[in-house]
Amino acid sequence: MSAVVIESEPDVIAIPKTLLVFDNRMVGHAMLNNPSANHPESPARFQEPLKKLQEYDLLKKCRVVSKLKPATRSNILLVHTERLLNQLEQSEKMSPEELQSLCAQSANDDLFFTKETSECAKISCAAVIKATQRVVLGKSANAFALVRPPGHHAEPDRSMGYCHINNVAVAVQVMLHKKQIKRCLIVDWDVHHGNGTQQHFWNDPNVLYFSIHRHDMGGFYPYKSDADFDQVGGPAALGKTVNVPWPSGSFDDDDYLEVFDKLLLPIAYEFKPDIVVVSCGFDAGVNDAGGCLVTPTGFAQMTRQLMDPKLANGKLVLALEGGIELKHMSECVAACVRALLQEKIKKKGRIQVSKDAMSTIEKVMTVQRRHWKCIEEKATRMNLDTIISVTEQLSKHESLSFDALDAFHFSRRCRWISDFGLLTLDTAGCSGYEILASPNFQDESDVVHIFLLDRPFAMFNQTRIVCGAVPYIDKLFMEYSRFVILEFNSEFIGEELDKVEIKLWEIIETKLASAKKIAIISSGSKATKLTAILLEHANRISPGHKIRCVTMFGYGYIPNVQTAPSINLRQPNIYVLCGGSDLKESIVADRQRANLGEVFCFDEHATSLAQLMINKFEEVFTFESVD
């Protein structure tokens, strides 16, 4: 296809209108030796949408800038390190063999290089700077930057995910640096989390970063735990990062627009930005790699909502990020430009917001309520309703549904984060679990406590026992200030228990090295097995180790030692609390033969179990019965 060429227009125009910014030189960034290769980040991502705009007569309705000077080093260095920029610029002078070698080295970061890559990345960045500055200065009402390569994955010192320079981050930082704006809202609706953008503005109270993306409990690119809903910004910018992490694909227009209604727009109006900049990826679209189902109409409606004159005086910039399904992506670009031009767009009424979408929105509301007045009342009411419902069922000794238990555990987790200020530790490379820790967990101390919680144990096995014990566990959190919590869903963890053990042992050996003693408290079959594995490891490498454990399991679906012989309870330094007389007899006989001490049995009453847990925890915490 021949490139579409549009000459630049004068800088000064009489009537502000929609600005379209692009540069045909951006096609130069293509796979080495095979420009037409079927790589997702291909020149067609720029060419096809441009053709569609021309086909729909939208191009001629826009004010167009199509010749750009590459972004300057000084502007790029406001966000990125010299090391990153130098490496990018060095690629311009490399031989084909050197470029091939660089591409091979960068494959794990999902990058490729050509002689034109550096210039294309700088032009892409310059286009977003140009679009943002024109809108900020009132020379255009709004703008669309049709650019490639994209940018939102590029971190300050690391290019990745097809992104060499973080276009949006640089553009916003330039405006802040020049004092042309005081506050900016960045909306990232690309299906992948904009890890680079979030990282750069993490502790900046003047930039609100709002991302809607697939997360899959860390199992979706870029595979980072900092994309979860409990990541809310640095100490100086709490609440200025808002993550809406979908647990899977299949989320559609209704789900995204519900996020706008319940979260984005209320927070945006309260924040009062001077401009809104969108990291405008279309890979959440139908048939794209993200697995979601957003239509061109959906993207157009989201664009139109962000054009509200009450929000930044309608100043809005869209900068292209991801999207590889060319036909659909081109339609989405056209739909958004049509919305920017104030032309009539298709609208459809809400059909049904999915249950998973509502659950995700509620999770975000729970952690953001402390930072936004507009969210506080809604989230408080929601949590209170959940607590009241579960409490009433427990008081009647009723069985709880999976959904009720899930809501209960989530509310508990949010309390831990909001009331106790827990941190989320990195779990890269593993899925199905997360590790939380008290803010001071690495401080030098006499004892550090590790809680291992197997959620299906609580969900399917004598639920009122575990739920009834939660207030006592909260009490322990307040009294024993240094602790780590590992909570996992054994439905999803599969065969990854060894990885979890390695991660925990790494934490014990490095982050908890200064602790004189470590007390592990676990509940559930998988948690018991993990406890046993950790003890075996500790006994093997250091017989005089500092770890003591108490583990609780039993009843119903939890396997006993006869059906789960891989759980080795024939070890010293471990207390066992079990439910059910048959299970107790089996474990007692086995441990007595090994001369390993008492096994405690609990009945189905939550209060008796809770008190027993407290009593045995106290012994483990103080190490009265060991040493």
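Leaving aside its neighbours within four places in sequence, which residues is Thr303 in contact with? The close-up views below will help you find out, and please keep in mind that this is a predicted model.

**View 1. Thr303 and its contacts in helix 9.** Start by finding helix 9, which covers residues 296-306, and look for Thr303 there. Setting aside neighbours within four places in sequence, the contacts of Thr303 are Trp189, Leu316, Leu318, Cys336, Ala339 and Leu340. Thr303 counts as buried because its relative accessible area is 0%, and buried means under 20%.

**View 2. The open sheet of eight strands.** Follow the strands across in the order 2-1-3-8-7-4-5-6, and you will see that their pairing is parallel. Strand 2 and strand 6 are the edge strands, each pairing on one side only. On average, neighbouring strands of this sheet are turned by 15° against each other, direction ignored.

**View 3. Strand 4 beside strand 5, with helices on the sheet.** Here you can trace strand 4 (residues 184-188) and strand 5, which run parallel and are joined by five bridges. Look for Asp188, which stands opposite Ser211 in strand 5. Helix 8 (residues 253-271) lies across strand 4, strand 5 and strand 6, and runs at about 170° to strand 5. Helix 9 also packs on the sheet, where it touches strand 4, strand 7 (275-280) and strand 8 (316-320). The direction of helix 9 makes about 145° with that of strand 8.

**View 4. Two cis peptide bonds that lead into prolines.** Take a look at the bond from Arg148 to Pro149: this peptide bond is cis, with omega near 0°. Pro149 sits in the loop between strand 3 (142-145) and helix 6 (167-177). The peptide bond from Tyr221 to Pro222 is cis too, with omega near 10°. You can find Pro222 in the loop between strand 5 (207-214) and strand 6 (241-246).

**View 5. Asp57 and Asp216, with positive phi values.** For Asp57, a residue other than glycine, phi is positive, near 60°. Asp57 belongs to the loop between helix 1 (44-55) and strand 2 (63-65). Is Asp57 buried, partly exposed or exposed? Asp57 counts as partly exposed because its relative accessibility is 38%, and partly exposed lies between the cut-offs of 20% and 50%. Asp216, also not a glycine, has a positive phi near 55°. To find Asp216, look in the loop between strand 5 and strand 6.

Note on methods
Residues are numbered from 1 along each chain as its sequence is written. This is a predicted model: local features need pLDDT of at least 70, side-chain atom pairs count only at pLDDT 80 or more; totals for chains, interfaces and linings use all residues. Side-chain values use heavy atoms; hydrogens and water are left out. Helices (H or I, at least four residues) and strands (E, at least two) are DSSP runs, numbered from the N terminus. Buried means under 20% relative accessible area, exposed over 50%, partly exposed in between (1.4 Å probe, protein chains only). Contact means heavy atoms within 4.5 Å. Two strands pair if DSSP finds at least two bridges between them. Axes are lines fitted to C-alpha atoms, for helices over the stretch in contact, and angles run from 0 to 180 degrees between N-to-C directions.
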